Protein chains: 2
Amino acid sequence: MSSLTRESLTQFADQHRQAFEDHLRTLVEIPSISSAPDRKDDCRRVAEAGADLIRRYGGQAEVLDTAGHPLCHGHFFHSEAAPTVTIYNHLDVQPANEPEWRTEPFKLLIEDGRYRGRGTTDDKGPALTALLGAVAAHRAGVPINIKFLWETEEEIGSPNFKAGLEQHQAKLTTDTVVVSDTIWITRGKPSTPAGLRGLQGFTISLETAAHDLHSGLVGGAARNPLTELAWLIGKMVKGRTGEVKIPGFYEQVAPLKKSEAKDFKKSGFSVETFRKDHELTTIRTNNPEKIMKAIWARPTLEVHGIVGGYTGPGIKSAVPARAEAKLSCRLVPNMSAEETLELITRFVHARIPDAVIKPESALAPYKGRGDGPYAEAIKDAYEFGFGERPAFTREGGSIGAVPTMEQVLGAEVYFLGLSLPEHGYHAPNENYDWEQASGGIPAFAHYFEQIAAVERSR
Amino acid sequence: MSSLTRESLTQFADQHRQAFEDHLRTLVEIPSISSAPDRKDDCRRVAEAGADLIRRYGGQAEVLDTAGHPLCHGHFFHSEAAPTVTIYNHLDVQPANEPEWRTEPFKLLIEDGRYRGRGTTDDKGPALTALLGAVAAHRAGVPINIKFLWETEEEIGSPNFKAGLEQHQAKLTTDTVVVSDTIWITRGKPSTPAGLRGLQGFTISLETAAHDLHSGLVGGAARNPLTELAWLIGKMVKGRTGEVKIPGFYEQVAPLKKSEAKDFKKSGFSVETFRKDHELTTIRTNNPEKIMKAIWARPTLEVHGIVGGYTGPGIKSAVPARAEAKLSCRLVPNMSAEETLELITRFVHARIPDAVIKPESALAPYKGRGDGPYAEAIKDAYEFGFGERPAFTREGGSIGAVPTMEQVLGAEVYFLGLSLPEHGYHAPNENYDWEQASGGIPAFAHYFEQIAAVERSR
């Protein structure tokens with residue numbers, strides 16, 4: 001049955017380039033910012049637009065309600081006897097209010113095979129790439145049922161995803177899941193994570209007066225909540241190195257295996273590329289192994305914002321009445337978000353008893369697999385699409401949906417990501433490109449064929 | 001010549017209450033926020049309105065240009081032979097954007113002898129009180145020349161005041177200066193400072209990337225400027241106590257004399273009143289002597305704002321590209337603003353070499369006098385106006401104009417302030433009241449009479 005040669009798939013991709021770009025424009029120009037309350041309708045619209053696309057290629061599709069933003073679910077059915085694979089993507093996006101945007105973020109701009117706009121690479125472009133790969137496999141009669149699960153709450157930590165999966169479980173049965181929402185280390189060298197970091201967000205706030213005060217009148221006697229929170233942060237984490245000083249914080253961290261460290265080294269990671277891709281002007285270390293370990297295999301405590309007092313030009317010498325620090329920890333296997341938050345809460349209250357800690361989104365870290373037939377299918381798919389076998393690394397970011405799917409759907413989760421560091425996940429001037437899409441379509445088509453073969457051989 | 005009995009002055013004040021309120025409305029309803037670039041015209045308008053008022057009572061007055069906002073200068077001339085006293089006030093105000101304002105800040109609201117609005121107590125109300133005291137003395141033929149020096153750049157640290165005095169020096173000759181811009185410890189118990197704290201403002205900023213980054217992608221390896229500045233602040237100052245940990249910071253602090261500490265105790269300071277007046281819900285210590293020392297006789301390092309990263313609702317897990325901390329030190333005699341800034345700069349650069357320190361306004365601390373004939377005249381004036389001799393304390397705030405006037409005009413500076421803690425200097429819902437104005441008018445009139453007598457006896 002192998003009409004799915006590399007050549008025929010290249011031809012298929014080229015023939016569908018215009019359609020891919022039209023579909024990407026449709027999705028990108030819906031500003032589906034899941035964190036913005038006034039974009040609620042756009043999250044539904046993007047799910048409906050996704051369902052329309054699946055239907056246009058002959059699939060069944062529907063928008064499934066949850067307590068929050070909806071899910072888009074689609075299906076290319078082959079037969080009852082065939083195995084089922086589910087492709088997970090998300091159609092919601094980050095806000096795009098950074099002043100550095102050089103073009104309108106919610107207007108697709110195409111220049112020389114590069115697609116610019118919020119959501120192009122995270123994750124609308126990869127979703128459409130996987131869709132076209134599925135269309136190719138389905139039309140070629142590959143004996144597999146392909147389901148699509150497109151979330152619209154990923155960027156806010158998937159708060160209703162678990163309940164949504166449970167509610168619609170009957171429709172969502174699957175043998176395995178493949179997620180396409182991860183980033184290679186460098187162009188031309190595929191890599192795929194065998195683990196994800198988790199996340200525990202939280203705020204710490206402190207109020208000491210009814211209103212801001214004149215530092216000449218009370219300064220010295222009045223508590224200053226900004227000073228206290230800054231001092232507290234200094235006790236929690238070393239500024240330059242980022243080393244967390246909270247006792248027990250690193251206790252549950254799974255040590256990096258020798259084989260994993262070896263795979264990291266083969267990943268194509270380069271300090272220069274890392275620095276350039278992220279436009280870092282300075283970095284904590286220039287040792288590549290230390291950087292890879294820091295971003296993939298070690299937890300963090302990060303300060304995202306400190307609210308309070310005066311923030312206009314120059315200074316205003318008032319003592320602020322209240323302050324709030326916005327923080328999060330990236331977590332690694334085998335840390336628990338809940339236990340980490342407990343450790344932090346104890347640490348904070350021992351030092352500032354009246355500080356108020358409010359938990360924000362929590363995502364468990366995920367420990368994946370780098371071997372077995374499904375992992376081999378991923379490796380084959382990348383080689384088929386891009387001419388290179390991938391390295392198994394880790395992903396420093398968090399996809400809360402991953403541990404949830406493994407748990408609720410009872411299926412192993414693998415990753416077939418297509419994004420590049422220079423695409424700028426969560427950054428201004430986000431982009432995706434045809435080179436990744438035109439390799440990704442054959443890679444996905446081949447992947448479906450491999451999975452069909454794995455299941456047949458069981 | 002003593003037609004200036006307490007009774008006649010009470011009558012004079014009562015007869016001029018309506019005029020006082022009309023004048024206060026005129027001045028308060030000009031939003032002369034010296035720090036706001038778009039209020040430049042209002043600073044000139046308020047100086048002109050001040051000059052109009054002085055002229056209305058028969059004085060000469062003019063608006064003197066400086067490189068910044070202008071000065072209002074007025075004169076009630078008696079004779080060449082008579083001594084000259086200069087009354088210093090300022091007609092510019094703090095911004096009024098605090099959400100806690102219950103009324104329109106630039107609309108005078110009168111309720112039961114209380115005047116509410118930005119600038120009522122700091123310093124437009126006291127300026128008008130002194131003016132009416134001068135009118136009473138001048139009309140009674142007290143042999144003294146009374147000059148008015150009303151600044152409109154006090155709230156931004158008097159950046160052009162020194163050059164302005166030097167430029168117009170010929171018009172400004174004076175034998176002594178009295179400043180009415182200070183605050184009693186408690187209603188019914190006058191107090192006057194024998195010293196002021198100075199101020200050295202500065203910002204510390206750090207930039208580590210071209211734009212904010214995804215903490216999943218770079219977190220752990222990327223430097224976080226908010227974390228580094230918070231950690232740095234924690235090294236500079238203890239959160240709960242405010243103790244500054246920069247070596248040498250306290251070295252030049254003049255120790256508090258026993259006689260000064262004794263005067264502090266007699267000042268009427270009460271922890272409960274202090275807490276209530278400033279609406280503090282918590283405080284560093286409940287020991288009154290420690291509080292007085294902390295706010296009057298010890299320097300501080302205060303955090304006024306930390307800019308950078310995400311400040312909206314909840315959290316956004318980005319690593320900020322840049323951050324700026326806004327800080328200032330209140331200084332006490334015999335500290336030097338310049339040397340303090342040097343100490344801090346060395347301390348910061350030893351820890352974060354690429355942090356950028358930008359100096360903001362600097363004001364020298366001021367060591368005044370609590371004895372001698374001028375100090376006695378102040379004491380007599382308060383007793384005459386309010387029935388109580390004042391305590392000599394210190395002022396925790398800074399009036400940059402004070403050391404400048406002593407230096408440029410070669411005249412000793414004393415304080416005859418009328419504001420109360422509950423009036424809310426620099427705070428929302430600022431107010432002043434007729435009780436203080438109606439005692440202040442006789443106090444000032446009596447003060448002019450006393451000074452005339454001091455100078456005659458020389």
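H2(B) and H4(B) sit oblique to each other, an oblique pair being one whose angle is not under 35 degrees (roughly parallel), over 145 (roughly antiparallel) or 65 to 115 (roughly perpendicular). This is a predicted model, in which local features need pLDDT of at least 70, side-chain atom pairs count only at pLDDT 80 or more, and totals for chains, interfaces and linings use all residues. Residues are numbered from 1 along each chain as its sequence is written, while chains are lettered from A and ligands numbered from 1 in the order in which they are written.

**The H2–H4 pair in chain B**

- The axes of H2 (17–28) and H4 (120–139) of chain B come within 10 Å and cross at roughly 140 degrees; axes are lines fitted to C-alpha atoms, for helices over the stretch in contact, with angles from 0 to 180 degrees between N-to-C directions.
- H2(B) passes H4(B) in a right-handed crossing, meaning that the near helix is turned clockwise from the far one by less than a right angle.
- On the H2(B) side the contact uses B:Phe20, B:His23, B:Leu24, B:Leu27 and B:Val28, and H4(B) answers with B:Thr120, B:Lys124, B:Gly125, B:Leu128 and B:Leu132.
- Contact here is a matter of C-beta atoms, placed from the backbone, lying within 7 Å.
- Sorted by class, that contact has 6 nonpolar, 3 polar and 1 charged residues; Ala, Val, Leu, Ile, Met, Phe, Trp, Tyr, Cys and Pro count as nonpolar, Asp, Glu, Lys and Arg as charged, and the others, Gly among them, as polar.

**Where the chains meet**

- Chain B puts 78 residues into the contact and chain A 79 residues.
- H7(B) gives the most to the chain B side, with 9 residues.
- The chain B side divides into 30 nonpolar, 29 polar and 19 charged residues.
- 100% of the interface residues of chain B are also interface residues in chain A, so the copies meet through the same surface.

**Symmetry**

- A turn of 180 degrees and a shift of 0.0 Å along the axis lay chain B on chain A with an RMSD of 0.1 Å, superposed by least squares on C-alpha atoms of residues with pLDDT of at least 70 in both.
- That's the relation of a two-fold axis.
- In chain B, the C-alpha nearest the axis belongs to B:Ala230, 2.2 Å from it.

**Chain A overall**

- Chain A has 14 helices and 18 strands, counted as DSSP runs (H or I, at least four residues, for helices; E, at least two, for strands) numbered from the N terminus.
- The C-alpha trace of chain A spans about 85 × 45 × 45 Å along its principal axes.

How values were computed
Contact = placed C-beta atoms within 7 Å.
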